[in-house]
Amino acid sequence: MPARRRLPWITLTTDLGSAYAAQMKAVLAHFVPPGHLVDLTHEIAPHRIDEAAFLLRAMARDFPAGTVHIVVVDPGVGGRRHPIAIRTSDGSTLVGPDNGVLWPLARSLGVRRAVRLDPARSYRPERVGTTFDGRDLFAPVAGRIARGARLAAFGPTIEPRRYEWPTCIRSSTGALGQILHIDRFGNLITNIPTEVVPTRAQRIDVRWRRRSFARLPWVTSYESLPSGKIGLLGSSFGYVEIAVPQGNAARRWRARVGERLSVKWSPARR
Amino acid sequence: MPARRRLPWITLTTDLGSAYAAQMKAVLAHFVPPGHLVDLTHEIAPHRIDEAAFLLRAMARDFPAGTVHIVVVDPGVGGRRHPIAIRTSDGSTLVGPDNGVLWPLARSLGVRRAVRLDPARSYRPERVGTTFDGRDLFAPVAGRIARGARLAAFGPTIEPRRYEWPTCIRSSTGALGQILHIDRFGNLITNIPTEVVPTRAQRIDVRWRRRSFARLPWVTSYESLPSGKIGLLGSSFGYVEIAVPQGNAARRWRARVGERLSVKWSPARR
Amino acid sequence: MPARRRLPWITLTTDLGSAYAAQMKAVLAHFVPPGHLVDLTHEIAPHRIDEAAFLLRAMARDFPAGTVHIVVVDPGVGGRRHPIAIRTSDGSTLVGPDNGVLWPLARSLGVRRAVRLDPARSYRPERVGTTFDGRDLFAPVAGRIARGARLAAFGPTIEPRRYEWPTCIRSSTGALGQILHIDRFGNLITNIPTEVVPTRAQRIDVRWRRRSFARLPWVTSYESLPSGKIGLLGSSFGYVEIAVPQGNAARRWRARVGERLSVKWSPARR
């Protein structure tokens, strides 16, 4: 390992839980010195490529240029989906399955190049199995990339699979969207960008399933809402969020990722 | 970054779950080299300032002098509570909301100085939102402090908000207390200091809700109790604990943090 | 700390949850510089020595030679079981309770020497309590070992307690085994080595409780199974696994670690 060059951080994002992730760390420990591994999360809902893609972009895009991000949300492992690595415009690298999970982050950072990972050119090809590419393929490839290996060493150029989460449909008085993510507080993060809500909005009608929630308050902080009352605000993800301060909106209504809803704001009064 | 100076550890304690915490790590990665971030926990019960204050003191007080501790249990984010940083007597720094969560640790280490964090003097003020100060304010401030910034750079001196967990009421034969924390094994940690229990105590009566548990054994290790039998012992936190070895006391009685109970020991026989 | 010598990684495997583990990190931070601590998992099922022994071997055996592994799955803490440290053939060290949890990993790496940890020779003996050896004994001992202390400094040589998970009973057409581990996807990992299943096997009969699952497909990847259909494959642990792709086998049948089952493959047709 060259003495002077500072090695990059390697981040881990999976739906595997900690015990499988630990097996990836064992492999990575052969490539980078202590300290270079960062757990982002191992608690993605199993197999939810959509939620993983959303969270990955939010978690990883602000890491320093040059970071190597490994992603294992990979229900198709061992099947027809390709393993890939994407080099982004800032010199970061994303390593994972080509099932769309990497795309929103890659697009947000800018794609410079992508290759299909050829197991035969990976570290210890005889150990590449069919059920855990995270340990057998992504980890050793990421480790070698962190130490300076060229992307082209691992396989031929490929066009990565694109995936965008559903965009909301906007009108002048509202938007039709869906739930992209439910956080630990039970807050519902939608796909409606906060900036589409007029800054002068004060009350918002929400239709969800067959229910109407009329004139919910649009606030700027949780504390502005009475405890236990539902309201909307601009989340830290940049999207409209439905929240029940000190409560749990998801549990109260048994909300699920993917559910549709419509919001409508009162016309701004002048 | 100065070449010689060893940078301190930065610890993270939140009720956010791993995905939000990951966004804080992305910011911190711009300030400290790999390895300096340590997850304490991201699984504090949502918004439980009391339990967080208790655990924080237990988790953080033995870190080396100079450590920077970030705490995000912050239901009042974006509201009237101030963001603060506290420098302790050993040169450690606590960064978080001024809602009391920092106080027991700060008091235990000794308070040297505290400042209110002025968002306008933080890193990239334009990015400071109203729902996630952990990422937008505490992380960059902590990163700069880790690299040597002076506390006074971030805002005016402030008197931090004090918070003490309820102290138990002692008598010569017992104590009236409450449950401060429930651990992963379902053990109930109370606010009754272990040292108030006479060393010769052998049996303890517990009254809890409207139930009486008469003459429970007072032991020094879990193994001294028959499997599945309730007993009391001095926890590693320094407080009396109610435990069911190989069982789960919290689940069996649906115990909750904050519940009151009284304990009474048999007079020491001579 | 010698300037040139690179210190080893220290890994943590517990059933404690993150908050207790954090207290161990505080102690370890006095011995090693930032970055040397790696969480393997803190989510072992409470007190499950058998599952912990299985996962520990899978997680830890591929770490670089010289790594120090701390394990706290320790229902007998404070009782008669000894605290121990095992030096393995590759120079790694395992520190934890002598209840068998270390044995499968130790045997797989090769045992060079083992000592019983004498609390009186540990770091700050006055702080060694009876309920949390992970923090009070294993962490400081591991920290000193990471910095080069000799094993013999901590206590007399001991023969560590052996523990093997139940081996399966093989016949020419099948095997009788049990469930060793249930992963986050609800997949059931058995103790039947994958290599005992003939490579030409295509269908497998499973008997489990009083049910028969006839002619289940034996596949090489999850994707080969129709979504929601039960099947078997060789897991990444090297053992036969029962899986329901996009589903959750454990939840569907309320499976538990330790349950027995028999598998029988169709005679290979030539």
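In the predicted model, B:Gly35 is the residue of chain B that comes closest to the rotation axis, with its C-alpha atom at 2.0 Å. Two copies of a chain are related by a rotation about an axis and a shift along it. For chain B and chain A, a turn of 120° and a shift of 0.0 Å along the axis lay the first on the second with an RMSD of 0.0 Å. The surfaces used by these copies were then compared. Only 6% of the interface residues of chain B are also interface residues in chain A, so the copies meet through different surfaces.

Chain A is likewise superposed on chain C by a rotation of 120° with 0.0 Å of shift along the axis, and the RMSD is 0.0 Å. This is the relation of a three-fold axis. In chain A, the residue that comes closest to the rotation axis is A:Gly35, at 2.0 Å for the C-alpha atom. Here too the copies use different surfaces, as 6% of the contact residues of chain A recur in chain C.

Empty space inside the protein was examined next. Rolling a probe the size of a water molecule over the atoms shows where empty space is left. The search gives six cavities of 30 Å³ or more. The largest cavity has a volume of about 330 Å³. Its lining consists of 21 residues, and those nearest the centre of the cavity are A:Leu37, B:Leu37, B:Asp39, C:Leu37 and C:Asp39. At least two lining residues of the largest cavity come from each of three strands, namely strand E2 (37–41) of chain A, strand E2 (37–41) of chain B and strand E2 (37–41) of chain C. Sorted by class, this lining holds 10 nonpolar, five polar and six charged residues.

A pair of aromatic rings is described by the distance of the centres and the angle of the planes. Over all chains, the whole structure contains 30 aromatic pairs. In one of them, the ring centres of A:Phe237 and B:Tyr20 are 5.4 Å apart and the planes stand at 45°, so the pair is tilted. This pair joins two chains, because A:Phe237 lies in the loop between strand E12 (231–234) and strand E13 (239–243) of chain A, while B:Tyr20 lies in helix H1 (residues 18–28) of chain B. Both A:Phe237 and B:Tyr20 are buried.

A further pair is formed by C:Trp208 and C:Trp253, whose ring centres are 6.1 Å apart with planes at 65°, so the pair is edge-to-face. It links distant parts of the chain: C:Trp208 belongs to strand E10 (residues 203–208) of chain C and C:Trp253 to helix H5 (residues 249–253) of chain C, 45 residues apart. C:Trp208 is buried, as is C:Trp253. Ring pairs also connect A:Tyr20, A:Phe132, C:Phe54, C:Trp165, C:Phe237 and C:Tyr239 into a cluster.

One glycine of chain B was also examined. B:Gly129 sits in the loop between strand E6 (111–116) and helix H4 (133–146) of chain B. Its relative accessibility is 32%, so B:Gly129 counts as partly exposed. B:Gly129 and B:Gly78 are 51 residues apart along the chain, and their C-alpha atoms are separated by 7.8 Å.

Key: Residues numbered from 1 in each chain as written. Chains lettered and ligands numbered in written order. Predicted model: local features only at pLDDT ≥ 70, side-chain atom pairs only at ≥ 80, totals over all residues. Heavy atoms only, no water. Phe/Tyr/Trp six-rings, centres within 6.5 Å; stacked < 30°, edge-to-face > 60°. Helix = DSSP H or I, 4+ residues; strand = E, 2+ residues; numbered from the N terminus. Buried < 20%, exposed > 50% of the residue type's maximum accessible area, 1.4 Å probe, protein only. Least-squares fit on C-alpha atoms with pLDDT ≥ 70 in both. Contact = heavy atoms within 4.5 Å. 1 Å grid on protein atoms, 1.4 Å probe; cavity = no way out; pocket = protein on both sides within 12 Å on 5 of 7 lines; lining within 4 Å. Points joined across faces, edges and corners; volume = space filled by probe spheres on them. Nonpolar A, V, L, I, M, F, W, Y, C, P; charged D, E, K, R; others polar.
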